[in-house]
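Student: I'd like a close look at the interior of this one. Take me through it slowly, please.

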Amino acid sequence: MRFGYFFAGLSAFGLLHSTASAFEECMAMLKDPHGSVELSCDEGGTATLKGGELFLVNRITNGWTVYLKSGCRGFIQKADLQLLPNEPLMKLNFDQEKKSWRKLQSARDDQLGEAGFVFKGLGLNYFKILTAASNGDENAMALFYLACGGATDGAAAEDCFGRGWELFHVIGDETFAKFVSGQGAKMRNRLADILSSGDQEPISKPKPYIKRYFPKTYELLFANEE
């Protein structure tokens with residue numbers, strides 16, 4: 001999956017070492033209540049982390065991937081953070097992906113990515129379908145998740161399932177649940193598999209997260225497992 005890019009200006013911060021034997025994503029804030037850090041966003045532009053602001057972090061090899069409520073996603077190599085493991089995870093914001101999908105509708109083959117290339121082999125435009133689905137087109141939603149679950153594997157599946165997770169957020173619970181309610185058991189099982197496959201960056205336990213922020217969809221796809 002995609003990680004952020006290194007940004008400068010963090011020399012005043014010390015590396016935080018977690019005492020936990022294994023780190024899971026959690027909410028965090030800067031320890032300095034008056035501090036701030038400039039963050040370069042993966043999607044372009046910058047954002048400022050301010051003291052007292054809550055954000056989600058995920059520990060990776062060289063630092064932290066940071067997710068802001070604005071939708072900015074970036075990378076911190078060194079920072080003095082206060083981890084908040086008991087704070088409920090915030091809802092992720094992938095709305096900015098719509099702009100990227102629109103731009104990539106006319107992408108060259110070398111810009112399509114693994115899943116986009118597989119879709120092209122099926123005579124489908126990956127990013128046109130994503131764009132239409134993100135605008136609430138149920139036929140496009142069905143086409144995307146059908147092809148995503150049935151025609152990809154390996155790196156293509158990872159990319160496709162990751163995009164499916166982002167699309168799910170962009171569509172929103174109300175519209176997505178309406179779409180799910182019109183699907184048969186086979187498609188519902190496929191949707192459940194895609195949304196809980198382990199490619200839900202940065203959420204390691206997607207079902208409780210979906211239950212919290214997408215209750216209508218959860219009821220249709222996962223409630224019978226309880």
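**Inside the chain**

Tutor: Of the chain's 226 residues, 46% are buried, that is, under 20% relative accessible area with a 1.4 Å probe and protein chains only, as against exposed at over 50% and partly exposed in between. Keep in mind that this is a predicted model, where local features need pLDDT of at least 70, side-chain atom pairs count only at pLDDT 80 or more, and totals for chains, interfaces and linings use all residues. Numbering runs from 1 along each chain as its sequence is written, and side-chain values use heavy atoms, with hydrogens and water left out.

How far can you trust it? The average pLDDT (the predictor's confidence in each residue, from 0 to 100) is 86 for the chain, and 88% of the residues score at least 70. The weak stretch is residues 1–22, where pLDDT stays under 50. The model still has 46 contacts (heavy atoms within 4.5 Å) for that stretch beyond four places in sequence. Where pLDDT is low, the predicted coordinates should not be read in detail.

Now the fold: the chain has 9 helices and 7 strands (DSSP runs numbered from the N terminus: H or I of at least four residues, E of at least two). Take the contacts between residues at least 6 apart in sequence, and 67% of them join residues at least 24 apart.

On to the packing. The largest nonpolar core (buried Ala, Val, Leu, Ile, Met, Phe, Trp, Tyr and Cys joined through side-chain atoms within 4.5 Å) holds 48 residues. L92, F144, Y145, W165, F176 and I210 touch the most other members. Helix α5, residues 154–171, gives this core the most, with 7 residues. There's also a second, separate core of 17 residues, with C26, L49, C72 and I76 among them.

Zoom in on Y145, one of those best-connected members. Skipping its neighbours within four places in sequence, Y145 is in contact with G164, L167 and F168, which fall within the range of helix α5. Its other partners there are F176, F179, M187, R190, L191 and I194. F176 turns up again here as a Y145 contact, having already appeared among the core members with the most partners.

What about gaps? Rolling a probe the size of a water molecule over the atoms shows where empty space is left. The whole structure has 2 cavities of 30 Å³ or more, a cavity being a set of points, on a 1 Å grid over the protein atoms alone, where a 1.4 Å probe fits but cannot get out. Around the second largest cavity, the lining residues (an atom within 4 Å of a point) are Y67, L68, G71, C72, R73, M90, L92, N93 and F94. So C72 of the second core and L92 of the largest one both line this cavity.

Key. On a 1 Å grid over the protein atoms alone, a cavity is a set of points where a 1.4 Å probe fits but cannot get out, and a pocket is an open set with protein on both sides within 12 Å along at least five of seven lines; lining residues have an atom within 4 Å of a point. Grid points are joined across faces, edges and corners, and a volume is the space filled by probe spheres set on the points.
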